Amino acid sequence: MKSIRLATAVVVAAALSVPSTLVATAAPVDRTPGHSAKDTLRGAAPKGFHIGTAVAGGGHHESQPYPDPFTSDQPYRRVLAAEFDSVSAENQMKWEYIHPERGTYNFGMADKIVRFAKQHGQVVRGHTLLWHSQNPAWLEQGNFTAAGLRSILRDHIKRVVGRYKGSIQQWDVANEIFTDTGALRTTENIWLRELGPGIIADAFRWAHEADPKAKLFFNDYGVESVNAKSDAYLALITQLRAQHVPVDGFSAQSHLSIRYGFPGDLETNLKRFSALGLKTAITELDVRMDLPESGVPTEAQLAQQADYYTRTLTACLNVRGCDSFTIWGFTDKYSWVPVFFQGEGAATVMGDDFSRKPAYTALRNTLAARR
Ligand code: G3I
């Protein structure tokens, strides 16, 4: 199914220029009927602080009984435009979507996101360039030489980052490169396995050459606290910066669960990176819970969830250089959580019908208090 869908929209590698349709002018921001600008997350946010969401599409959505959310669901699009001033590609810029065959790129889905963002005065987070997951079979099973692979990665980064030059505020250049014990993922990650750790610096350099203004990030989950994994990032980034590798930021995805305690040292941890002169960001926040048999969260669960959202936002607001805060989807209707975690869900800030949960109100009030 996927290959048919992709084949209909593939763009052959020779088409190098950015289409003029990407160069949209900002139009007035759509608002959810009945909500004034001040009553939205982006309206409440302090100046310069970006409040974002992942744009639902690709990935788990393809196995769900609904059409592509971003392109098909008009109420969804209205809320997306009204509430957020930053958008991240949930799946649409990953290798398997944007580079489905060797030498063949499919920019269609990513172009639509970038165009939407321009139309609604939003910045874009690009996700992601060097990762062990969601790579196409032609790449993972290609048996390329080291020189061949290196050239494939270089071309991909130059091509993808170059296409959106000036349109992407932050790129997750390297995603999830360490295990929980702080070891590089040299088994699963094709780039690290075949080319060694030096490829990380190259990836940042190539991305910087392709778009000198985009801020370039390391991004991972399980790095909210001071722990072996975040220590590994701190050490690696310190080393890379000493070598003048253009690393600008470190981001904590923040897929949390009320089953576990809140990572209370998040702010302390982010400040370690900020002290290196780096930007930091929260890039994929959601807070899942074990659903009761009814499937409806209890008031206590929703209150605890709201507390986790608030504390994550507050930690970011308290750190210099943490000015990008993204939730991994805003409606439970499209969340990845129930697909991955059996019996868990309700992880976002809105119900299936876009009704605002306590977590939504908590975020908006926390933002408004900092204006
Ligand atoms: O590729 C297989 C396909 O062969 C199979 O037929 C199909 C059956 O359902 O599954 C396909 O894999 C899906 C994959 O996306 C393909 O794109 C998985 O089931 C599906 O669960 C997966 O979901 C995405 C996931 O990344 C993959 O890692 C989610 O939509 C997306 O929200 C999620 O996002 C990640 C971030 O990129 C990185 N941080 C963690 C975050 C949550 O997992």
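## A walk through a predicted model

Let us begin with one residue: Glu-176 is buried, because its relative accessibility is 9%, where buried means under 20% relative accessible area, exposed means over 50% and partly exposed is in between (1.4 Å probe, protein chains only). Glu-176 sits in the loop between strand S6 (170-175) and helix H9 (190-195); helices (H or I, at least four residues) and strands (E, at least two) are DSSP runs, numbered from the N terminus. Although Glu-176 is not a glycine, its phi is positive, at about 55°.

Before going on, keep in mind that this is a predicted model, in which local features need pLDDT of at least 70 and side-chain atom pairs count only at pLDDT 80 or more, while totals for chains, interfaces and linings use all residues. Residues are numbered from 1 along each chain as its sequence is written, and side-chain values use heavy atoms, with hydrogens and water left out.

Ser-254 also has a positive phi, near 75°, in a residue other than glycine. You can find Ser-254 in the loop between S8 and S9. With a relative accessible area of 0%, Ser-254 is buried. Another backbone feature to look for is the cis peptide bond between His-127 and Thr-128, where omega is about 0°. Thr-128 belongs to strand S5 (residues 123-130).

Now turn to the inside of the protein. A nonpolar core is a set of buried Ala, Val, Leu, Ile, Met, Phe, Trp, Tyr and Cys residues joined through side-chain atoms within 4.5 Å. The largest nonpolar core here has 102 residues, and those with the most contacts inside it are Trp-171, Ile-177, Trp-191, Phe-218, Phe-325 and Phe-330. Another core lies apart from it and has 5 residues, including Trp-328 and Trp-336. Back in the largest core, what does Phe-325 touch? Leaving out residues up to four places away in sequence, its partners include Phe-49, Ile-282, Tyr-309 and Leu-363, where contact means heavy atoms within 4.5 Å.

Helix H12 (residues 266-274) is a good place to see how a helix can face inward. Its buried residues are Leu-266, Asn-269, Leu-270, Phe-273 and Ser-274. Seen down the axis of H12, these buried residues fall within an arc of 145°, so they line one face of the helix; the arc is that of the directions from the helix axis to the C-beta atoms. As a general rule, an α-helix has 3.6 residues a turn, so residues three or four places apart point the same way. The buried residues of H12 pack against helix H11 (228-242), strand S8 (249-252), strand S10 (279-290), helix H13 (299-317) and strand S11 (322-327).

Helix H11 is home to Asp-231. This residue counts as partly exposed, because its relative accessibility is 36%. Asp-231 is in contact with Val-226 and Arg-272, leaving aside neighbours within four places in sequence. From C-alpha to C-alpha, Asp-231 and Arg-272 are 9.6 Å apart in space, and they are 41 residues apart in sequence.

In the loop between H11 and S8 you meet Val-247. Is Val-247 buried or exposed? Val-247 is buried, with a relative accessible area of 2%. Residues that Val-247 touches, not counting those up to four places away in sequence, include Phe-204, Phe-218, Ile-237 and Leu-278.

Finally, look at the spaces. On a 1 Å grid over the protein atoms alone, a cavity is a set of points where a 1.4 Å probe fits but cannot get out, and a pocket is an open set with protein on both sides within 12 Å along at least five of seven lines; lining residues have an atom within 4 Å of a point. The structure holds 1 cavity of 30 Å³ or more. The largest cavity has a volume of about 60 Å³, and its lining includes Ala-56, Tyr-76, Glu-90 and Trp-336. A volume is the space filled by probe spheres set on the points, and grid points are joined across faces, edges and corners. Ala-56 is buried, with a relative accessible area of 4%, and its contacts include Tyr-76 and Glu-90.

The largest pocket has a volume of about 580 Å³. Of the 26 residues lining this pocket, the closest to its centre are Tyr-221, Gln-253, His-255, Glu-284 and Trp-336. Strand S9 (255-257) and S10 are the elements that give two or more residues to the lining.
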